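The exercises below are meant to be worked through with the sequence and the three-dimensional view side by side. Each task is followed by a solution that proceeds step by step.

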Amino acid sequence: MKFTGTENYVATQDLMLSVNAAITLQRPLLVKGEPGTGKTMLAEEVSQALGMPLLQWHIKSTTKAQQGLYEYDAVSRLRDSQLSDVDGGERVKDINNYIIKGVLWQAFTADQPVALLIDEIDKADIEFPNDLLREIDRMEFYCYETRQLIKAKHRPLVFITSNNEKELPDAFLRRCFFHYIKFPDATTMQSIVDVHFPGLKKELVSVAMKTFFEVRNLPGLKKKPSTSELLDWLKLLLAEDIPAEALQTKDNKAAVPPLVGALLKNEQDVSLFEKLMYMQRTNR
């Protein structure tokens, strides 16, 4: 079982090697990188390429590790017990009716190997990764309410993404294979654009890419534009039928390229870019 990329996802050689290394070692693949570099999409494309169903667990600041295993709905059971005369109380007698299976339970008990995405793990509390150490390592957990040991029928292919908002514990890192998705260089970015916009005029792509990297490389930006934001910008340029000439500022009154709000997401960065363009014009 080897991942060799897909038509919809441009994977670099080192990224493909990392995916296949995680498969060989049977360890979770921890993927870090800037937001918008395709970390989540990687799990989607790998699962599709390998013919594996994908289960997704999108982490929030309030997410607890227990929710990935199961939750016991005691409130519903209490309510049903008070209405037990409706069905003779048969539903209340079986505690399994009140166990809500989480994505880990579903992945462990699936009849075929599945891919499991734990997305943006660094959003959760610092103890969240530690609470999953045993489950990720041994691929099993115990359900105290039903007195069951839930073991994985097939070891899932686990993808874990992080935006580096928090440091992850060393004990957790030891159990993962790590890969950092570097920001694409111009050649790789060109390949990504070609995949998403195969019929785009070369002149427009060339000028748009030049503008994009000028914006991204501007020192002092609070938020650098990402790959996904470049694709959004190109989509808007196409939708509005904006010519390549409009991206090359010749009029001294033109401060920034059209629709640059797809790239710059706060007023400080827009102001910084305007100042830079003004300085470039006055130095000519």
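Two residues are in contact when they have heavy atoms within 4.5 Å. The model used throughout is a predicted one.

**Exercise 1. Surroundings of Leu237**

Task: Determine which element holds Leu237, whether Leu237 is buried or exposed, and which residues it touches beyond those up to four places away in sequence.

Solution: Begin with the place of the residue in the chain, which is helix H12. Next, take the relative accessibility of Leu237, which is 0%, and compare it with the limit for burial, under 20%; Leu237 therefore counts as buried. Then list the contacts, leaving out residues up to four places away in sequence: Leu237 touches Leu204, Ala208, Ile242, Leu247, Pro258 and Leu259. As a last step, set Leu237 against Ala107, which is 130 residues away along the chain; the C-alpha atoms of these two residues are separated by 42 Å.

**Exercise 2. The largest pocket**

Task: Describe the largest pocket by its volume, by the residues that lie nearest its centre and by the elements that contribute to its lining.

Solution: The volume comes to about 590 Å³. The lining consists of 32 residues, and those nearest the centre of the pocket are Tyr9, Thr37, Gly38, Lys39 and Ile181. Turning to the elements, two or more lining residues come from each of helix H1 (13–25), helix H2 (39–49), strand E9 (177–181), helix H10 (186–196) and helix H12 (227–239). Among the contributors, H2 gives the most, with 4 residues. Finally, sorting the lining by residue class yields 12 nonpolar, 13 polar and 7 charged residues.

**Exercise 3. Helix H2 and its cover**

Task: Identify which residues of H2 are buried and what covers them.

Solution: The buried residues of H2 are Lys39, Leu42, Ala43, Glu45, Val46 and Ser47. Lys39 thus appears twice in these exercises, as a buried residue of H2 and as one of the residues nearest the centre of the largest pocket. The cover over the buried residues of H2 includes H1 together with strand E1 (29–33), strand E2 (54–58), strand E5 (115–119), strand E8 (157–162) and E9. Just after H2, the backbone at Gly51 takes a positive phi, about 70 degrees.

**Exercise 4. Aromatic rings and charges above them**

Task: Classify the ring pair of Phe183 and Phe212, and find which charged residue lies over the face of Phe183.

Solution: The number of aromatic pairs in the model is 8. For Phe183 and Phe212, the ring centres are 6.2 Å apart and the planes make an angle of 25 degrees; since planes under 30 degrees apart count as stacked, this pair is stacked. The pair joins distant parts of the chain, for Phe183 is in the loop between E9 and H10 whereas Phe212 belongs to helix H11 (residues 202–216), 29 residues apart. Phe212 has a relative accessibility of 0% and so counts as buried. The charged residue over the face of Phe183 is Arg216, at 3.4 Å from the ring centre. A second arrangement of this kind involves Arg91, whose charged end sits over the ring of Tyr98, 4.9 Å from its centre. Elsewhere, Tyr70, Trp105, Phe108 and Phe141 are linked by ring pairs into a cluster.

**Exercise 5. Positive phi outside glycine**

Task: For Glu120 and Asp241, give the phi value, and decide for each residue whether it is buried, partly exposed or exposed.

Solution: As background, most residues other than glycine have a negative phi. Glu120 has a positive phi near 60 degrees, and its place is the loop between E5 and helix H7 (128–131). With a relative accessible area of 21%, Glu120 is partly exposed. Asp241, also not a glycine, has a positive phi of about 55 degrees and is found in the loop between H12 and helix H13 (267–283). Its relative accessible area of 66% makes Asp241 exposed.

**Exercise 6. The enclosed space**

Task: State how many cavities of 30 Å³ or more a search of the whole structure finds, and which residues line the largest cavity.

Solution: The search finds 1 such cavity, and the space in the largest cavity is about 30 Å³. Its lining is formed by Ile121, Asp122, Ala124, Asp125, Ile126, Pro129, Lys166, Glu167 and Leu168. By class, this lining has 5 nonpolar residues, no polar ones and 4 charged ones.

Terms used:
Residues numbered from 1 in each chain as written. Predicted model: local features only at pLDDT ≥ 70, side-chain atom pairs only at ≥ 80, totals over all residues. Heavy atoms only, no water. 1 Å grid on protein atoms, 1.4 Å probe; cavity = no way out; pocket = protein on both sides within 12 Å on 5 of 7 lines; lining within 4 Å. Points joined across faces, edges and corners; volume = space filled by probe spheres on them. Nonpolar A, V, L, I, M, F, W, Y, C, P; charged D, E, K, R; others polar. Phe/Tyr/Trp six-rings, centres within 6.5 Å; stacked < 30°, edge-to-face > 60°. Buried < 20%, exposed > 50% of the residue type's maximum accessible area, 1.4 Å probe, protein only. Lys NZ or Arg CZ within 6 Å of the ring centre and 35° of its normal.
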